[in-house]
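Reader: I would like to go through this model with you and ask, term by term, what lies behind each label.

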Amino acid sequence: MKILFSAGEASGDLHGANLAKALRRLQPDIELIGMGGELMSDAGVRIIYDIKNLGVIGVGEIIKKIPFFFKLRSYLVDVMEREKPDALVCIDYPGFNMRLIKKAKAAGITVVYYILPTIWAWHKSRGKIIAAYTDLAISLFPFEADMYRDMGTNVVYGGHPLLDTVKPTMSKAEAYAHFGLDTGKRTVLLMPGSRMQEVSGLFPPMLAAGKRIAAAVDDVQFIVPRASTVDKAALEAYTAEAGLDVHIGDDHVYDMMHIADAAVAASGTATLETALMGLPTLLIYRVNRLTYLLSKVLVHVDSIGLPNIIAGRRIMPELWQDDVTPENIAACIIPLLTKPQEHAAAGAAMLAVRDEMGEPGAVCRTSEIVLNFIKEKHLHEAI
């Protein structure tokens, strides 16, 4: 069996890698190819396009790169014609993948969509496209599966893969030593995102806030995880310009979360990861003005953080757009470092999210679902 993956971001690379490992355990001779990154490559996927340079967010930025994305889609269509995969598995990245599935469907390739577009937050019309062009959709949340099913999608609830993967690999003492951090200091984790565009917009105010935090809180240190899609030299340039001592870690992000006392994170998967680790977190979100104005019209939710949406209330503070300032960031983080009761309450609220997300084992279930579906569909077509 041959499966073609299409993932476009660091989080998709992570989910694709975990799914690839699970598929190989079930069927060692399976051939996996696709668009992905370092993690998928390490998991045995033959990378046909490296996603390192795909970090684009915002309407204006996407418009500028439309010719590039047309060429990339055409390239993947050529790959499908040449490689003749048994199935295309799309992972998140809806702006690109929702167009790719139309081409795959027209070519008669079985289409599976994993990490579905968030129609419960915005772009509900995408649900109709998923229903029309996917053979199978795999949902992370029960409420999400219900929404897609109501729109006519062949969808199954697989559970959230982060329940299997979000856990430390070291003791706290080992993690402090590994990252070169001081056990006697409080630690703030700065997570500016996996795209350079996010980093350029969010890391400078994070660092400026870090200087304010360091001035107000004794014995504090900072660490930032480097996503595989971000160059370390770029992070070092920002920290040098800010004049703030920040440790940069390349791996073991959950061990960073394990020893951190508070985090500032770009909106996205990272905020769900910190919630599952019970780490008090401030979510920040900033895009260009046009994208922000459009989102005010299109977004259907009061909170953009998944922990808040899952909890049904604002358990994780959010700063949007012009409110993302060093002063506001510092004002949210300092109490988490100086007031034990506030820190404990925030951590408990984060951990409660895990209880709302179902049972672990999602990656194994999803791999079984994918393999069985492809085999049964091809058997049915052969008959």
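Author: The turns below take up burial, salt bridges, nonpolar cores and strand pairing.

Author: This is a predicted model, in which local features need pLDDT of at least 70 and side-chain atom pairs count only at pLDDT 80 or more, while totals for chains, interfaces and linings use all residues. Residues are numbered from 1 along each chain as its sequence is written, and side-chain values use heavy atoms, with hydrogens and water left out.

Reader: Why is Asp135 called buried or exposed?

Author: Buried means under 20% relative accessible area, exposed over 50%, and partly exposed in between, with a 1.4 Å probe and protein chains only. Asp135 has 13% relative accessibility, so it counts as buried. Asp135 is found in the loop between α6 (126-133) and β6 (136-139), where helices (H or I, at least four residues) and strands (E, at least two) are DSSP runs numbered from the N terminus.

Reader: What does the side chain of Asp135 reach, and which residues does Asp135 touch?

Author: The side chain of Asp135 comes to 2.7 Å from the backbone nitrogen of Val111. Contact means heavy atoms within 4.5 Å, and, not counting residues up to four places away in sequence, Asp135 touches Lys105, Ile109, Thr110, Val111, Asn154, Phe373 and Lys377.

Reader: What makes Arg46 and Glu83 a salt bridge?

Author: A salt bridge is a side-chain nitrogen of Lys or Arg within 4 Å of a carboxyl oxygen of Asp or Glu. For the side chains of Arg46 and Glu83 the N to O value is 3.4 Å, and the pair meets in a salt bridge. Arg46 lies in strand β3 (residues 46-50) and Glu83 in helix α4 (residues 66-83), so the pair ties together parts that are 37 residues apart in sequence. Glu83, at 16% relative accessibility, counts as buried, whereas Arg46, at 38%, is partly exposed. Both belong to a network of salt bridges that links Lys2, Glu31, Arg46 and Glu83.

Reader: How many salt bridges does this rule give, and which parts does the pair of Asp231 and Lys52 tie together?

Author: The count comes to 14 salt bridges. In one of them, Asp231 and Lys52 have their closest N and O atoms 3.1 Å apart. Asp231 lies in the loop between β9 (220-225) and α11 (232-242) and Lys52 in the loop between β3 and α3 (59-64), so this pair ties together parts that are 179 residues apart in sequence.

Reader: What makes a nonpolar core, and which residues have the most contacts inside the largest one?

Author: A nonpolar core is a set of buried Ala, Val, Leu, Ile, Met, Phe, Trp, Tyr and Cys residues joined through side-chain atoms within 4.5 Å. The largest has 60 residues, and those with the most contacts inside it are Ile3, Phe5, Leu23, Val89 and Leu189. A second, separate core of 33 residues includes Ala227, Ala242, Ile329 and Ile333.

Reader: Why is strand β11 described as largely enclosed?

Author: Five of the five residues of β11 (residues 262-266) are buried, so the strand is largely enclosed by the rest of the structure. Both faces are covered, with Ala262, Val264 and Ala266 buried on one side and Ala263 and Ala265 buried on the other.

Reader: How do you know that β11 pairs with β8 and β12?

Author: Two strands pair if DSSP finds at least two bridges between them. Four bridges join β8 (residues 186-191) to β11 in parallel, and β11 and β12 (residues 281-285) pair in the parallel sense over four bridges, so both cases meet the definition. Within these pairs, Leu190 has Val264 as its bridge partner in β11, and Ala263 stands opposite Thr281 in β12.

Key: A polar contact is a pair of N or O atoms within 3.5 Å; within protein, one must be able to donate a hydrogen and the other to accept it, and residues adjacent in sequence count only if both atoms are side-chain atoms.
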